[in-house]
Amino acid sequence: MSWQLSAGGVISRVVKDETDENHVNWKHDTVNETTDLLQIKEAARSGNATDTEYDWFNFSLSNGLSGSFYIDMALNAYVESKDKLKIEITEKDAPPSAFGKLLEFKITDKYGNQYYFGGSEVNTEKTLYNQKGTDKRAVTGWYLYKFVTPQNKQIIFTYSTEIISYYTSLNAGFSFQQNCLDPSSSLGSYTYSDVLKSKSTILSEKPKLISIAEEGTEISFVYGKERRDVFNNSSGNNLLTSIAIKNNNRLIESYYFEYFGVLKTPAATYYGIPYDERTTTNRHFLKSISKLNQNTKTEFEYYDLDKLPARFSLSSDYYGFPNGKGNFSPFPAVANDNNFGIFDRFHPSTLVLSADRKVNPLLASAGNLKKITHATKGFSEMFYEPNSSMEWVDNEVCVSKYLSSANNKCNPAVDNPVNNVTFISPGGAIKFNGEAYTDDVDVCNNADPIHDTHKLVITDLSLTPVKIVYSRSRPIAEAFDSNYESPVNTVKDHEYKVEYSVSTRFGGVTGWVSFCLKQKTPTKQFVYFGGNRVSSIKESDGEGDSYTKNYYYSPLSDISSGKTSVAESNTASIMAEIRETSKSCSTGNTFPEIQILNVYSAYQNSIFPLFNYRSNNILYWYVTEIIENKSAVEKKFSYEPNQDSYIGHLPMIYDIPDTNSGELKSNLLLEENIYKFENGTYNKSINTIYNYDFNKIKSLKSYVFRENFTYYPQPGEDPLRNISYGYYENQYGFYNPTSIVTKEKISNQILEMTINNQYSNLNYQITSQKTTFPDLSIHETSYQYAHEKGKTDMIESNMVGIPLETTVLKNGKTISKTGINYQKKTIVGKEHILPDLTVSYDLQNPSTPTTEVKYTKYDNSGNLLEYVLKPDVNGIGTSAAIIWGYNDTQPVAKIEGATYAQVSGFITDIVNYSNTDASVGSDISEQDLIDKLDAFRKRTELANFQITTYTYDPLIGVKSITPPNGIREVYIYDTANRLKEVKDISGNILKQFEYNYKH
């Protein structure tokens, strides 16, 4: 179970080929084998520096903003995000390091907020990969260091650098490589490559968050616990132990973190690491978070920490999860649930193929979060089950038969040269092996290697005429073995005859053949897909009130069958496969011959799938959530598989990624059904269907080139005979729901409501939402943004997601039309784009706007100081002034009827005392501020104005509001900083809030 601190944000990268910004790029939409020949050869050459693939960039912010993008060598960004983002990349003026250029990323969201990443060494993550071959260096992360609002308010993130190093993967593999084919043979021989083991490590210089600061507020992070799961333990890479939140140097809240330390030996010594190797045998789990100011604690429990083996342990299933088996090899014994049977023909050592890698359902959740006990003593308890489904599985069994024959010219008593058997086929394949030899018992003359033969014939008797489907005669020195040739497939319910014979001209020969009729027997059983899923969550208040949500991964109607709706499963970390490769073979001719040969390979690699596939998750079509005897919610999600990569020149390139088309279109909510439990059954009450538009998706091609062997083609030969290449697409773009149709059953009637959305081609924002209600009335809301209004200053600042005009129609008639205008304003030498006025429109004459509010004055921080309600053409209307305190972060007074100039001479005390309350935060400092606010309200100069005043508990909320009538409301918060009560000045409760679990 891994916890990560989510504060600020990061741009991360998976490097494909070479880093985009540091190498010569050759990234084209098409490749021409003639005109691009030299570039193809250079890009295919091992160790070349040409970058032909786009790196995969991902960004994630703690406010939920996330997405993916790609860049080219000119630092242009191609962005994939549901929001209209603007990404600008700048190369900083700094000498390139061993990791390449120093970049700064600026992401601007659709509201004009700016996020700055990287820009200095301390804000970037630099990674050294130590693998087989040349070490790889790359900048793999750029961390958020500054957030700026359109009002120029800033949040600053400060980092130190931690250096961590650990094993990323321990790998093993072996192969059988087909040798060059002799022209006289169709079988060929194979060369065995013994098990090769390797270790991969990573050294990362990573930003560690030290503080977050904003206008007098600071959050500081302290790291005080030794980390034992890395090579280089030091104070610089300790675990987080405390967080302190301060406002104007006054401690508001502090938290303390405790951990479980789990040591599990032995390490995976199979790969050549010590028994007690620290990085793989140590793990850390978050134990508790204490809120020190309030003396409360949140505690965490986990499943089976004592059964969690060392990282990379051989006691793991196909997917790398613990299974408790005492294996001595990572490679599994041949079984129905793996494909390691491809090695049968080579008869590998049983010590190599010996592991039990089957999923152990009892250990699948080891290390998972089990229980959270909250500060209130209520708790949340999680239960898990393996990712699995009850399926009909064709278990392959082998029905064996045996035939023997003898031909002896000297002893007729043992002479039985032909034997056969007939059977009705269940539809499987026939595998066979057999051998013959000179009869050593009834010796008869000398052996004759030319004329001493044996023969195997298989005939389909159900055809008219009968058909021989297999017939081979061989010298007795050559055995029959279907492992070295294709098994003989049969047709279900056909009758077959297998005939085996031996023959000699002068001597004695004995032989036998055994054959296995592979028969598939359907069996209903659980099929496992790796890892686990949540089966239920129990929520309790700790005082006896609780409820449980059960989760099923199938439609409601199918949950009793055990069959789940798995759409995509994990990639196994242990694999066996047959690949093709090309090789230059000498055949005795003048020039070598290029042959396509097979390679049977097995490999264990725990990290490869993570770097070659953008998604490696279990996906389900359906998830159904049930609260027993109460309600059910059934959700259907989209799934589309990725498209295969395209191979332009054979043989295959096997580690080329797929085109990510399916990832963009999967896991979207398609349908939701809500059920009520009535009369002992769940009855559907609401059905909602969602539709999406994917027309905004674009793509970039990444080509992959491989030189299979060194070769210099002769004139007239294919110049790419030794090269393979292909491509995959990197798709990016935008999608959103285009229609939502909801049907609700009420009193045996079906009430239907439809929402249709339209989006702008310019800024991807919703421009029209049309709602058709059950009574067939139609409400339509349309929006115009900066692009539609021609607001170039807003477009340049990417403030393209703010509706500037909103029109509402009912049954085609306008019932509301409002707007807001932004203007660029210069405040103390800095430009801000701020609201200038809001307008409404006369419904009788919707083209004529009326100003509702004019925003007339802002302070240096972009805070609104003054506005005018319903100004006339001369700007005269009802003014209101706003006084900001608490270091310009909170409004402490609103004076209706006055201009800011009329009150600004009287605000010094309330501003200063609010600043003091911000730094001291005591009941006394708050009362002093209230006294000053009351004195401010009573000034004779302000007697004709309506005044509302406010006090705050910084970072928590408003503490008091005193309206113009002087009847103060006091706001009380609980230990979780949730609003608990609203009281009057005499202590009488006006409002009370209770927080209960939602059932």
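This is a short walk through some helices, sheets and ring pairs in the structure above. One thing before we start: what we're looking at is a predicted model.

Okay, let's begin with a pair of helices. Find helix H8, residues 908-920, and then helix H9, residues 923-937. How do their axes cross? They come within 9 Å of one another, and the crossing angle is roughly 165°. Anything over 145 degrees counts as roughly antiparallel, so that is what we call H8 relative to H9. The handedness of this crossing is left-handed.

Which residues make the contact? From H8 we have Asp909, Ile910, Tyr913, Ser914, Asp917 and Val920. On the H9 side you'll find Ser925, Glu926, Asp928, Leu929, Lys932, Leu933 and Phe936. Sort the contact by class and you get 6 nonpolar, 2 polar and 5 charged residues.

Right, on to the sheets. Go to an open one with 4 strands, in the order E21-E27-E23-E24, with antiparallel pairing. Which strands stand at the edges? Those are E21, at 418-424, and E24, at 467-475. Each of the two has a single partner strand, so one side of each has no neighbour in the sheet. From one strand to the next, the twist averages 10°.

If you want to zoom in there, pick strand E23, residues 453-460. E23 and E24 pair in the antiparallel sense, over 8 bridges. And which residue of E24 is the bridge partner of His454? That's Arg474.

Now another open sheet, this one of 3 strands. The order is E36-E40-E39, and again the pairing is antiparallel. Strands E36 (646-649) and E39 (698-707) are the edge strands here, with a single partner strand each, so each has one side left without a neighbour in the sheet. On average, and ignoring direction, neighbouring strands in this sheet are turned by 25° against each other.

Let's stay with E39 for a moment. Strand E40 covers residues 723-732, and 10 bridges join it to E39, the two running antiparallel. If you're looking for a landmark, Phe705 stands opposite Tyr725 in E40. And what packs on this sheet? Helix H1, residues 37-44, which touches E39 and E40. The direction of H1 makes about 75° with that of E39.

Next stop, a run of strands a bit further along. Strand E38 is residues 681-692, strand E41 is residues 737-746, and they pair in the antiparallel sense over 7 bridges. Asn691 has Ser739 in E41 as its bridge partner. E41 is also joined to strand E42, residues 749-759, by 8 bridges, and that pair runs antiparallel as well. Here Ile746 has its bridge partner in E42, namely Gln749.

E41 and E42 make a hairpin, with 2 residues between the strands. Have a look at Ser747 in that hairpin: what does its phi do? It's positive, near 50°.

Last topic: rings. How many aromatic pairs does the structure hold? There are 44 of them. One to look at is Tyr553 with Tyr620, a tilted pair at 4.8 Å centre to centre, with 45° between the planes. This pair links distant parts of the chain, 67 residues apart. Tyr553 sits in the loop between strand E29 (546-552) and strand E30 (566-568), while Tyr620 belongs to strand E33, residues 619-620.

That's the tour, so let's open it up for discussion.

Note on methods. Residues are numbered from 1 along each chain as its sequence is written. This is a predicted model: local features need pLDDT of at least 70, side-chain atom pairs count only at pLDDT 80 or more; totals for chains, interfaces and linings use all residues. Side-chain values use heavy atoms; hydrogens and water are left out. Axes are lines fitted to C-alpha atoms, for helices over the stretch in contact, and angles run from 0 to 180 degrees between N-to-C directions. Angles under 35 degrees count as roughly parallel, over 145 as roughly antiparallel, 65 to 115 as roughly perpendicular and the rest as oblique. A crossing is left-handed if the near helix is turned anticlockwise from the far one by less than a right angle, and right-handed if clockwise. Contact means heavy atoms within 4.5 Å. Ala, Val, Leu, Ile, Met, Phe, Trp, Tyr, Cys and Pro count as nonpolar, Asp, Glu, Lys and Arg as charged, and the others, Gly among them, as polar. Two strands pair if DSSP finds at least two bridges between them. Rings of Phe, Tyr and Trp (its six-membered ring) pair if their centres lie within 6.5 Å; planes under 30 degrees apart count as stacked, over 60 as edge-to-face and the rest as tilted.
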